[in-house]
Each structure stands twice: as C-alpha cells, then as structure tokens.
Amino acid sequence: MNFLKPGISSVKWKTIIALAAIIIALINNWDWLWGVLFLFWAINDLRNKSTYFVEPISRSENSFIYWVIIFMWIIFGIYKLIPDKFWWYFY
C-alpha cells in the first residue's frame, strides 16, 4: 500500500482535503461548498483548455460543448453560493 509509506511525493493532498470537505459539507448540509467546487472546476478547465464530463472534452476539438460545460459550471457555482433566501424574491 503506497499511500501508507511516508515521503511519497505522489500524495494528492488537495484531493484528500477536498474529499474530506465534501464529507463535512454533506453532513452539515453546506451547499456553498458545491459552489466553490463548481467555480474551481471552471477555472481549472479554462486553464487546461479541456474538461471532463463523462468523457474528456477539449476546447480545440469540441469547442461548443466545452463552452456549454464551462458556462454550466460557472452558473451552478454562482447559484450555489447565493443564499436560498435570495431566491424567494423571485417566486
């Protein structure tokens, strides 16, 4: 088991922290964390010029679907960061 050996540089600390945060967010019903993650994914995908949604999507090969996915990540991120009380004004 490589993950138990100290000093291994392949430990993905950001991923481990994000997984722990997701577990804590689910227990505490924190929707805002999903907003942060969606925005993080959008920014990361913009930097990499590719995304992964069921299958790899690159901006150069599938431009339209790439931008649809990025747009969705941003909209979902903003939506989850805005408190639920705000949305009552629109009903």
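This is a chat about the salt bridge, pockets, aromatic pairs, core and backbone of a predicted model.

User: Let's start with charges. How many salt bridges turn up in a search of the whole structure?

Analyst: Just one salt bridge is found. D31 forms it with K80, and the closest N and O atoms are 3.6 Å apart.

User: Where do D31 and K80 sit?

Analyst: D31 is in the loop between α1 (13–28) and α2 (32–48), while K80 belongs to helix α3 (residues 63–81), so the pair ties together parts that are 49 residues apart in sequence.

User: And is D31 buried, exposed or partly exposed?

Analyst: D31 is partly exposed, at 30% relative accessible area. Its partner K80 is partly exposed too, with 28%.

User: OK, pockets. How much space lies in the largest pocket?

Analyst: About 300 Å³. It is lined by 13 residues, and K14, T15, A18, L37 and F40 are the closest to its centre.

User: Which helix supplies the largest share of that lining?

Analyst: That's α1, with seven residues. Both α1 and α2 supply at least two residues each.

User: What's the mix of residue classes in the lining of the largest pocket?

Analyst: There are 10 nonpolar residues, one polar and two charged.

User: What about the second largest pocket, which residues lie nearest its centre?

Analyst: D31, W32, K80, I82 and D84 do, out of 11 lining residues. D31 and K80 are the salt bridge pair from before. The volume of this second pocket is about 160 Å³.

User: Which element gives the most to the lining there?

Analyst: α3 does, with three residues. α3 and α4 (84–87) each supply at least two. By class, the lining of the second largest pocket has seven nonpolar residues, one polar and three charged.

User: Switching to rings. How many aromatic pairs does a search of the whole structure find?

Analyst: Seven. One of them is Y66 with W67, an edge-to-face pair with 5.1 Å centre to centre and 80° between the planes.

User: How accessible is each of the two, Y66 and W67?

Analyst: Y66 is buried, at 0% relative accessibility. W67 counts as partly exposed, at 39%.

User: Which rings are linked into a cluster?

Analyst: Ring pairs join F38, W41, F53, W73 and F76.

User: Now the core. Which residues make up the largest nonpolar core?

Analyst: Seven residues: F38, A42, I57, Y66, I69, I70 and W73. α2 and α3 are the elements that give two or more residues to it, and α3 gives the most, with four. As background, nonpolar side chains tend to be buried together in soluble globular proteins.

User: So F38 and W73 come up twice?

Analyst: Yep, F38 and W73 are in the ring cluster, and F38 and W73 are also listed in the core. Y66 from the edge-to-face pair is a core residue as well.

User: Last topic, backbone. What's the phi of N29?

Analyst: N29 has a positive phi of about 60°, although it is not a glycine. N29 lies in the loop between α1 and α2, and at 62% relative accessible area N29 is exposed.

User: And where is K49?

Analyst: K49 is in the loop between α2 and β1 (50–53). Phi of K49 is near 60°, again a positive value in a residue other than glycine.

User: Is K49 buried, exposed or partly exposed?

Analyst: K49 is partly exposed, with a relative accessible area of 46%.

Technical notes: Residues numbered from 1 in each chain as written. Predicted model: local features only at pLDDT ≥ 70, side-chain atom pairs only at ≥ 80, totals over all residues. Heavy atoms only, no water. Salt bridge = Lys/Arg side-chain N within 4 Å of Asp/Glu carboxyl O. Buried < 20%, exposed > 50% of the residue type's maximum accessible area, 1.4 Å probe, protein only. 1 Å grid on protein atoms, 1.4 Å probe; cavity = no way out; pocket = protein on both sides within 12 Å on 5 of 7 lines; lining within 4 Å. Points joined across faces, edges and corners; volume = space filled by probe spheres on them. Nonpolar A, V, L, I, M, F, W, Y, C, P; charged D, E, K, R; others polar. Phe/Tyr/Trp six-rings, centres within 6.5 Å; stacked < 30°, edge-to-face > 60°. Core = buried A, V, L, I, M, F, W, Y, C linked by side-chain atoms within 4.5 Å.
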